Amino acid sequence: MKPATLLLRWYRVHGRDLPWRKTQDPYRILVSEIMLQQTQVDRVRVYYKSWLKQFPSWKKLSLATNAEVITAWAGLGYNRRALMLRDVARTVNLNGLPQTEDEWLTIKGIGPYTASAISAFAQRKRTLPIDTNIRRVLGRYLLGIHFPQLADDEKIHGCTEEFLPRRGAYWDVPQAIFDLATSICTKSPDCARCPLKNECFASKNFLEKTVTIPKRSTKKPKERQYRNKPYPDRIYRGRILKTVRERVTIRSNQLGPLIDPMFDQHLDQEWIDDMVSRLIKDKLLKQHRKRLSL
Ligand code: SF4
């Protein structure tokens, strides 16, 4: 039996029931894909529902202000994603819906993974969006690489054509791989339970326990972090936005103690000012007469 057939059979029984898998609406699929970038599925489930209630269509979202989208996104983190999503909605509203992966790629903010995901799930094209999950499963299954890295994507891409079935629900194959990657083909895989184990190039070594599981299987991108602060700037930037959202407007020199209990005016004000200017540059904050607002 072909690997995709085995996988789809397994998926029918063990696949997750997720709301964005029940639609072919490109808008809803894009919302889920953007939310799922760096946010856990359970958290996305909640936000996905409320977001669609507030912004049910490209049109509605395209009319939203920065403050509205940032407020609706609050709690998901990486707020630039919210503005980017709104800007994509504006482009689609203006120019119409892209019909191919290449057309999606011409929209600012849409990268190869997202273009491929919308094409696969909304437009049912035979394409495999390669993210960390698909990279891990296919890198192991097709190439026998125990811990595939970004640099292996080209080799994986070269093999996807034969992996995707020509008929049947080939658009479900990526979803099935996501679920296999999060439940069985994890960092330390449970190959004995895997529907692909008989043909997998990596299963023998994993089953014989001859593979050393590294502490980190992929390199974590280095985040900007200030002096002796315990968290990366990303966390404090989120706190700044939360504070501005709650207070509606605030002076930047009042922010310090509100976002960091160890704040030292003398040592840390420059750091806060730098984060504020980056938030303004990213259009996440506005400044008028030294007062900040969304
Ligand atoms: S057999 Fe093991 S390594 Fe291969 S795809 Fe399945 S879980 Fe992953």
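In the predicted model, the second largest pocket is lined by 14 residues, among which Arg-80, Leu-83, Met-84, Asp-87 and Lys-108 lie nearest its centre. The volume of this pocket is about 300 Å³. Helix H6, spanning residues 80-95, supplies the largest share of the lining, namely 7 residues. Classified by residue type, the lining of the second largest pocket comprises 7 charged, 4 nonpolar and 3 polar residues. Because residues of both domain 2 (25-121) and domain 3 (233-293) contribute to the lining, the second largest pocket lies between these two domains.

Aromatic contacts were examined next. The count comes to 12 aromatic pairs. In one of these, the ring centres of Trp-58 and Trp-104 are 6.4 Å apart; their planes stand at 35°, an angle that is neither under 30 degrees nor over 60, and the pair is therefore tilted. Trp-58 belongs to helix H4 (residues 58-62) and Trp-104 to helix H7 (residues 101-105), so this pair ties together parts that are 46 residues apart in sequence. Both Trp-58 and Trp-104 are buried.

An edge-to-face arrangement is found for Tyr-141 and Phe-163, whose rings are 5.7 Å apart from centre to centre, with 75° between the planes. Tyr-141 is located in helix H9 (residues 132-143), whereas Phe-163 is located in helix H10 (residues 153-163); the pair therefore ties together parts that are 22 residues apart in sequence. With a relative accessible area of 8%, Tyr-141 falls under the 20% limit and is therefore buried. Phe-163 is likewise buried, its relative accessible area being 3%. Elsewhere, one aromatic cluster is formed by Tyr-226, Tyr-231, Tyr-236 and Trp-271.

The strand arrangement was also analysed. An open sheet is built from 3 strands in the order E1-E3-E2, with antiparallel pairing. Strands E1 (250-251) and E2 (286-288) occupy the edges and have a single partner strand each, so one side of each is left without a neighbour in the sheet. The pairing of E2 with strand E3 (residues 291-293) is antiparallel and extends over 3 bridges. Within this pairing, Gln-287 has Leu-292 in E3 as its bridge partner. The residues of strands E1, E2 and E3 fall within the bounds of domain 3 (233-293), one of the two domains that give residues to the lining of the second largest pocket.

Note on methods:
Residues numbered from 1 in each chain as written. Predicted model: local features only at pLDDT ≥ 70, side-chain atom pairs only at ≥ 80, totals over all residues. Heavy atoms only, no water. Phe/Tyr/Trp six-rings, centres within 6.5 Å; stacked < 30°, edge-to-face > 60°. Helix = DSSP H or I, 4+ residues; strand = E, 2+ residues; numbered from the N terminus. Buried < 20%, exposed > 50% of the residue type's maximum accessible area, 1.4 Å probe, protein only. 1 Å grid on protein atoms, 1.4 Å probe; cavity = no way out; pocket = protein on both sides within 12 Å on 5 of 7 lines; lining within 4 Å. Points joined across faces, edges and corners; volume = space filled by probe spheres on them. Nonpolar A, V, L, I, M, F, W, Y, C, P; charged D, E, K, R; others polar. Domains from an automatic or database assignment. Pairing = 2+ DSSP bridges.
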